[in-house]
Amino acid sequence: MSDIRIGMLSFAHMHAVSYVHFLAQMEGVAIAGIYDDDHDRGGRIAAQYDVPYFRRVEGLLDQELDGVIICSENALHAPLVLQSAGRVDGILCEKPIATTVEDGLEMIERCRETDTKLQIAFPMRFAPPVMELKQQLDAGVLGEIYSVKSTNHGSMPGRWFVDHKLAGGGAVLDHTVHVIDLLRWFWDTEVEEIYAEVGDELLHPGLGIDDVGLLSFQLKNGVFGTLDTSWSRPESYPTWGDVKLDVLGENGLISVDAFEQNLQVSSEEDGKTSWVNWGSSGDEGLVADFVEMIREDREPSVSGEDGLRALEVALAAYESSRREEPVALQ
């Protein structure tokens with residue numbers, strides 16, 4: 001069986017480093033090359049993994065690839081997907097799918113027209129604690145579900161993440177899509193209505209973009225939910241988020257911390273406390289699922305439509321905050 005050939009398109013998003021790390025360890029997978037518009041960054045990572053570096057997207061797409069992983073700035077997801085569709089069997093695109101609904105729809109349609117499988121990078125679906133919660137919910141352990149309280153807090157990432165033109169939004173967009181995707185996956189339902197309070201520069205004066213938000217929403221299955229999202233963690237915080245879920249039902253409460261499977265290691269050499277994961281990685285599961293999708297010629301586990309629905313909720317949160325009233329979703 002020949003290797004699945006994967007190309008990496010941009011390392012602008014920090015998750016790309018994790019994805020390529022796990023790709024390099026997978027049997028039957030070849031990293032065919034790396035494209036990055038930051039030549040120093042792209043060349044350095046290509047040298048680290050001993051793979052070719054390409055200054056042009058077309059140069060990498062010409063390498064008879066089976067799939068590409070896109071980790072560019074959010075606003076560049078659409079052009080890279082449109083350029084890759086029809087040239088590869090599968091595309092794994094970092095979240096959010098795009099910065100506008102129109103771009104997301106165009107990406108989905110182009111992939112449909114060219115018979116290209118479009119998967120969105122929602123690694124939390126592959127985090128073991130979250131997967132266990134999904135199994136418990138499917139088994140009906142909690143009975144009728146009443147509500148879900150969730151958080152997603154992280155460090156302020158800086159760089160292009162605080163440039164509205166490239167990012168499309170700040171902390172609310174960055175973190176909302178992760179949690180909303182999980183809730184849609186849990187119950188195969190949509191957000192019906194949302195009310196949000198969004199704060200610009202509340203935690204980081206002069207940032208120029210939102211860094212905190214509190215969302216309240218109703219799902220179409222009757223479940224009421226809240227999401228506390230922010231860039232409130234210090235730079236030294238040991239991970240990118242703290243996805244936590246409290247699901248309340250008639251039979252009790254299940255609380256999940258998606259990042260709890262770790263050892264806390266305090267190192268004088270590093271100058272801070274870090275988390276050393278001892279459980280399976282959501283990123284590893286995501287990348288493995290993407291490769292299996294290509295190899296098995298099956299539909300994506302997390303589709304472009306999934307990415308679009310999560311984006312719509314995040315954008316509705318911004319609209320609700322601007323209008324200072326609840327917003328209904330279709």
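**Exercise 1. In this predicted model, find the strand that holds leucine 263, then name the surface patch to which Leu263 belongs.**

Solution. Start with the strand: leucine 263 lies in S13, which covers residues 262–267. Next, turn to the surface. Leu263 joins Val265, Val276 and Trp278 in a nonpolar patch there. Together these four residues have about 380 Å² of accessible area.

**Exercise 2. Identify the residues that touch the most other members of the largest nonpolar core, and the helix that gives the most to this core.**

Solution. Begin with the core itself, which has 94 residues. Leu118, Trp187 and Ile194 are the ones that touch the most other members. Helix H8, residues 171–187, gives the most to this core, with nine residues. Now take a closer look at isoleucine 194: leaving aside residues up to four places away in sequence, its contacts include Leu215, Phe217, Val313, Ala316, Pro326 and Leu329. Polar or charged names appear as well, among them Ser216, Ser320 and Glu325. Finally, look for a separate core: a second one has eight residues, including Ala12, Trp160, Ala167 and Leu207.

**Exercise 3. Count the disulfides, and work out why cysteine 93 has no bond to cysteine 71.**

Solution. The count is zero. To see why for this pair, check the distance: the sulfur of cysteine 93 has its closest cysteine sulfur in cysteine 71, 8.2 Å away, so the two are too far apart for a bond. A disulfide would need the sulfur atoms within 2.5 Å. As a last step, check burial: cysteine 71 is buried, with a relative accessible area of 0%, and cysteine 93 is buried at 0% too.

Conventions: Residues are numbered from 1 along each chain as its sequence is written. This is a predicted model: local features need pLDDT of at least 70, side-chain atom pairs count only at pLDDT 80 or more; totals for chains, interfaces and linings use all residues. Side-chain values use heavy atoms; hydrogens and water are left out. A nonpolar core is a set of buried Ala, Val, Leu, Ile, Met, Phe, Trp, Tyr and Cys residues joined through side-chain atoms within 4.5 Å. Buried means under 20% relative accessible area, exposed over 50%, partly exposed in between (1.4 Å probe, protein chains only). Helices (H or I, at least four residues) and strands (E, at least two) are DSSP runs, numbered from the N terminus. Contact means heavy atoms within 4.5 Å. Patches are made of residues with over 30% relative accessible area and no salt bridge: like charges are joined within 9 Å, nonpolar side chains (Val, Leu, Ile, Met, Phe, Trp, Tyr) within 5 Å. Accessible areas come from the Shrake-Rupley method with a 1.4 Å probe; for residues, only the protein chains shown count as cover. A salt bridge is a side-chain nitrogen of Lys or Arg within 4 Å of a carboxyl oxygen of Asp or Glu.
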